[in-house]
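Student: Please take a close look at one helix pair in this model and then at the surface that faces the DNA. I would like the contacts set out in order.

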Protein chains: 2
Amino acid sequence: MSGTSPDFTARLRAVGLRPTRQRVALARLLFEGEHRHVTAEGLHAEVRATRLPVSLATVYNALNQFRDAGLLREVVVAPGRSYFDTNTGHHHHFFVEPDGELHDFPSDKVTIAGLPTPPKGTRLSRVDVIVRVRR
Amino acid sequence: MSGTSPDFTARLRAVGLRPTRQRVALARLLFEGEHRHVTAEGLHAEVRATRLPVSLATVYNALNQFRDAGLLREVVVAPGRSYFDTNTGHHHHFFVEPDGELHDFPSDKVTIAGLPTPPKGTRLSRVDVIVRVRR
DNA sequence: AAGTTGTTTAGAACAGTTCTAAAAACTGAA
DNA sequence: TTCAGTTTTTAGAACTGTTCTAAACAACTT
């Protein structure tokens with residue numbers, strides 16, 4: 001137990017969210033280890049496995065709040081399902097098509113040149129690169 | 001009427017689809033003019049406006065068949081809604097965030113360098129670049 | 001401890017899409 | 001052309017992922 005033992009209570013408070021039992025449990029699952037990609041259903045199954053009863057609605061609420069607070073990033077790669085990525089830094093994605101697996105790759109080695117300028121009256125918000133692969 | 005007056009009946013037959021009244025009507029709407037992006041709901045509204053009654057299920061069926069036949073390409077940019085693009089060539093997309101507008105831009109001026117190699121056991125299928133912009 | 005406010009919950013509601021089984025339409029052969 | 005065989009369409013139900021609702025509950029303030 002050394003280094004940055006993460007205090008989820010404080011971290012939630014810092015973004016203006018009350019550290020409730022379920023939010024802390026979800027934050028622990030999401031932010032404790034390596035970066036990860038989750039769906040609402042998947043995270044719901046995980047948190048229930050910890051014997052803390054959390055409703056699916058709460059998982060959706062928390063994911064949306066965490067995203068709005070900048071703790072998560074939403075990734076849209078497949079129709080009809082949202083992924084949430086704990087890595088909020090600049091990076092892109094591999095998407096393994098049949099199974100829906102998602103992997104990060106850093107954007108710092110990737111250069112994109114020759115992008116056209118945004119349409120009139122708009123400003124750039126983000127550039128997503130999705131490398132779709134098949135088995 | 002000169003040049004390539006498009007014979008949708010033949011074009012559908014060429015990809016193994018019977019040229020039914022509703023498929024021909026949908027193909028006309030999709031492929032007659034400029035390239036376009038449609039949603040199932042939007043296309044359904046359009047075809048009904050031509051006074052030919054076509055069910056929403058048929059629009060979904062046709063869009064999926066056209067996509068499977070390589071006549072359309074599905075674009076996933078927003079959670080919970082699929083766009084279909086009549087442009088099946090290499091190109092990328094602008095996505096105007098609040099309104100859900102989608103615009104093509106050619107990929108021939110865009111260079112992407114430094115992409116990592118696909119994970120073991122997979123082969124590259126497609127690289128999507130989505131430039132998200134806001135008003 | 002009480003009051004205030006924010007959060008969670010189960011279940012209903014909703015949006016987009018797919019499925020079902022019966023009716024209708026296309027096709028090729030006679 | 002009519003016929004049989006097959007494919008397609010259809011209305012509506014079903015399904016999936018997500019959001020909403022209003023009541024119960026938990027967190028913060030005093």
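Tutor: H3(A) passes H4(A) in a right-handed crossing (left-handed if the near helix is turned anticlockwise from the far one by less than a right angle, right-handed if clockwise). Helices (H or I, at least four residues) and strands (E, at least two) are DSSP runs, numbered from the N terminus. The model is predicted: local features need pLDDT of at least 70 and side-chain atom pairs count only at pLDDT 80 or more, while totals for chains, interfaces and linings use all residues. Residues are numbered from 1 along each chain as its sequence is written, chains are lettered from A and ligands numbered from 1 in the order in which they are written, and side-chain values use heavy atoms, with hydrogens and water left out.

H3(A), residues 40–49, packs on H4(A) at an angle of about 120°, the axes being 9 Å apart. Axes here are lines fitted to C-alpha atoms, for helices over the stretch in contact, and angles run from 0 to 180 degrees between N-to-C directions. The two helices are therefore oblique to each other; angles under 35 degrees count as roughly parallel, over 145 as roughly antiparallel, 65 to 115 as roughly perpendicular and the rest as oblique. H3(A) contributes Ala40(A), Leu43(A) and His44(A) to the contact, and H4(A) contributes Leu56(A), Val59(A), Tyr60(A) and Leu63(A) (contact means heavy atoms within 4.5 Å). This contact has 6 nonpolar, 1 polar and no charged residues, where Ala, Val, Leu, Ile, Met, Phe, Trp, Tyr, Cys and Pro count as nonpolar, Asp, Glu, Lys and Arg as charged, and the others, Gly among them, as polar.

H4(A) also supplies 4 residues to the surface near DNA strand D, the largest share; near means that a heavy atom of the residue lies within 4 Å of the strand. In total 22 residues surround DNA strand D, and Tyr60(A) is among the closest, as is Arg13(A). By class, 7 are nonpolar, 8 polar and 7 charged. Of the strand D atoms within 4 Å of the protein, 83% belong to sugar or phosphate.

Chain B takes part as well. A polar side-chain atom of Arg23(B) is 2.4 Å from a phosphate oxygen of DNA strand D, and an N or O atom in the side chain of Thr58(B) is 2.7 Å from a phosphate oxygen of that strand. For Arg18(B), a polar side-chain atom lies 3.3 Å from a sugar or linking oxygen of DNA strand D, and a side-chain N or O atom is 3.0 Å from a base oxygen of DNA strand C.

Note on methods:
A polar contact is a pair of N or O atoms within 3.5 Å; within protein, one must be able to donate a hydrogen and the other to accept it, and residues adjacent in sequence count only if both atoms are side-chain atoms.
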